[in-house]
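Reader: I would like a close look at one residue in a strand of this protein, followed by a careful account of the surroundings that it belongs to. Please take your time and connect the local details with the chain as a whole.

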Amino acid sequence: MYDVYEIRKDFPVLQQKVNGKPNTFLDSGASAQKPQCVINRIYDIYTKEYSNVHRGSYMLSEQITWDYEEARKTVQKFLNAASHKEIVFTRNATEAINLVAATWGRKNLKPGDEVLISEAEHHANLVPWQMLRDELGCTLKIFKIGDDGSFIWEEFEKQLNPKTKLVAVTAMSNVLGTIFPIKEMAKAAHNAGALILADACQYAVHHPIDVQDMDCDFLAFSGHKTYGPTGIGVLYGKYDILDSMPPYQTGGDMVDHVTYEKTTFEEPPARFEAGTPAIVEAIGLGEALNYMMCVGLDNIVAHEKELVDYAFEKLSGIEGLKLVGTAEGKGGVFSFVMDDIHPQDLAFILNKEGVSVRVGHHCAEPLVHRMGYESVARASFGLYTTKEDIDCLAAALKKAKTFF
């Protein structure tokens, strides 16, 4: 049984008051709160077993090396990857995408080749391809989304052609909540001779992922959004593709053999993990993913669908409020604007009521502009979000109208 009120007890920060009101935390899309088990695991590592990995021939190093590599296997299980060697630890999803651009992109793209993205991309899946376009002379193509934020297959298909070498798209928009059909897009991309990269930062929090079933070539997500620590992310890549890519950074632990004349490099994933990695953060991420799998990804999906339906009902009836992104089947991300109230002022008033939301362009400035705004407020859900949280948001929004 999914008991959200019991789940909330696992998150210490949610027990605190905000401005004397219950903590209505609706910014999980930016960074999710951490369960006590993750906090405890990090504490235990630093107090009982900390050491460096892969290098020491002593108990502490051997133990933490085991734990670090077990975390990699946990990520493999979470994604249903074919091998733990397909899991590269990075600082975050942004670095994961930059890694693909800097290694696979520089090696494989040339003038005349095309990278295809959507209008709905986060800066992390736009700017690296812009820079690569300017450096290599390849072309960056962008397919349109609907006015309601929906994915439009015909617009995607219209831009996909034999010149396309990579499709790089969000699996779930961080502004609109729109979910893209990655499996079907992967099949179309492969038929056109292209690879596909999925930015799963938002998707990984709300839906189960099976990279073998999706057949995506790359997939990225961040630990801090999946209830884990900051400073850790994941790049999944099919092993044969990773093995064909040059190193991203160089230094210790990613080398096979070094002389003054020549260096040879380790196989993936070590080839892409130069220097001392984020050891504690990776193990903390493993703990967070185990927590999610224990709660049950299918349970999380069902809980969120109920919340999304409820939020549509509660928010749609507020006079002067406009939802930005209303695509069918969207996830738990609700961006909105209110007549005559700047989003920043709106967030300030909501905070007085204990309600935390995000404001701005959400690192997706072109998308927000495409939707017709300079700035929007955003409420985003986590596995601990309740209907009462949505009630508090609706009440605070109605109260905000009385100030203007």
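Author: The residue to begin with is T170, which lies in strand β7, a strand that covers residues 164–170. Everything said here refers to a predicted model. T170 has a relative accessible area of 3%, which is under the 20% cut-off, and therefore T170 counts as buried. If neighbours within four places in sequence are left aside, the residues in contact with T170 are A120, E121, N125, F180, I182 and D199. One of these partners, E121, is 49 residues away from T170 in sequence, yet the two C-alpha atoms are 6.1 Å apart in space.

Another partner of T170, I182, leads on to helix α7, since that helix covers residues 182–191. Within α7 sits A189, whose relative accessible area is 0%, so that A189, too, counts as buried. When residues up to four places away in sequence are not counted, A189 touches L160, V167, A194, L195 and I196. V167, in this list of contacts, falls within the residue range 164–170 of β7, which brings us back to the strand of T170. The C-alpha atoms of A189 and N161 are separated by 8.7 Å, with their positions 28 residues apart along the chain.

A second helix deserves the same attention, namely α11, which runs over residues 279–295. Its 17 residues should span 24 Å at 1.5 Å a residue, and because the end C-alpha atoms are 25 Å apart, the model agrees with that expectation. The helix is mostly covered, with twelve of the 17 residues buried; among them are I279, V280, I283, L285, Y291, M292 and V295. Small residues also belong to the buried set of α11, including G284, G286 and A288. L289, likewise placed in α11, has 0% relative accessibility and so counts as buried. Apart from residues up to four places away in sequence, L289 touches T74, V75, F78, F221 and T226. A separation in sequence can also go with a separation in space: L289 and K110 are 179 residues apart along the chain, and their C-alpha atoms are separated by 38 Å.

The two sides of α11 each have a backbone detail to note. In the loop between β12 (263–265) and α11 one finds P269, and the peptide bond that joins P268 and P269 is cis, with omega about 0°. After the helix comes G296, whose phi is positive, near 105°.

Positive phi values also occur in residues other than glycine, and two of them lie in the loop between β16 and α14: H362 and C363. The strand β16 covers residues 358–360 and the helix α14 covers residues 365–370. H362 has a phi of about 60°, whereas phi of C363 is near 55°. Their exposure can be set side by side: H362, at 8% relative accessibility, counts as buried, while C363, at 38%, counts as partly exposed.

A loop residue on another part of the chain, A30, sits between β3 (24–25) and α2 (36–49). A30 has a relative accessible area of 15%, and because this is under 20%, A30 counts as buried. Its contacts, leaving aside neighbours within four places in sequence, are H224, K225, R358, R378 and S380. R358, one of these partners, is also within the residue range of β16. In addition, the C-alpha atoms of A30 and Q202 are 9.0 Å apart in space, although the two residues are 172 positions apart in sequence.

How do these local views relate to the whole chain? Residues 24 or more positions apart account for 71% of the contacts with a separation of 6 or more, and the contacts between A30 and R358 or between L289 and T74 illustrate such partners. The protein chain holds 15 helices and 17 strands. Its radius of gyration is 22 Å, close to the 22 Å that the globule rule gives for 404 residues, so the chain is as compact as a globular protein of that length. Along the principal axes, the C-alpha atoms fill a box of roughly 75 × 55 × 35 Å. Of the 404 residues, 55% count as buried, a group to which T170 belongs. The accessible surface comes to about 17,300 Å², and carbon and sulfur atoms contribute 50% of it. Finally, the chain carries 40 positive and 55 negative charges, whose mean positions are 2 Å apart.

Methods: Residues are numbered from 1 along each chain as its sequence is written. This is a predicted model: local features need pLDDT of at least 70, side-chain atom pairs count only at pLDDT 80 or more; totals for chains, interfaces and linings use all residues. Side-chain values use heavy atoms; hydrogens and water are left out. Helices (H or I, at least four residues) and strands (E, at least two) are DSSP runs, numbered from the N terminus. The radius of gyration is taken over C-alpha atoms; the globule rule is 2.2 Å times the number of residues to the power 0.38. Buried means under 20% relative accessible area, exposed over 50%, partly exposed in between (1.4 Å probe, protein chains only). Contact means heavy atoms within 4.5 Å. Accessible areas come from the Shrake-Rupley method with a 1.4 Å probe; for residues, only the protein chains shown count as cover. Lys and Arg count as positive and Asp and Glu as negative; His and the chain ends are not counted. The place of a charge is taken as NZ of Lys, CZ of Arg, CG of Asp or CD of Glu. The expected span of a helix is 1.5 Å times one less than its number of residues.
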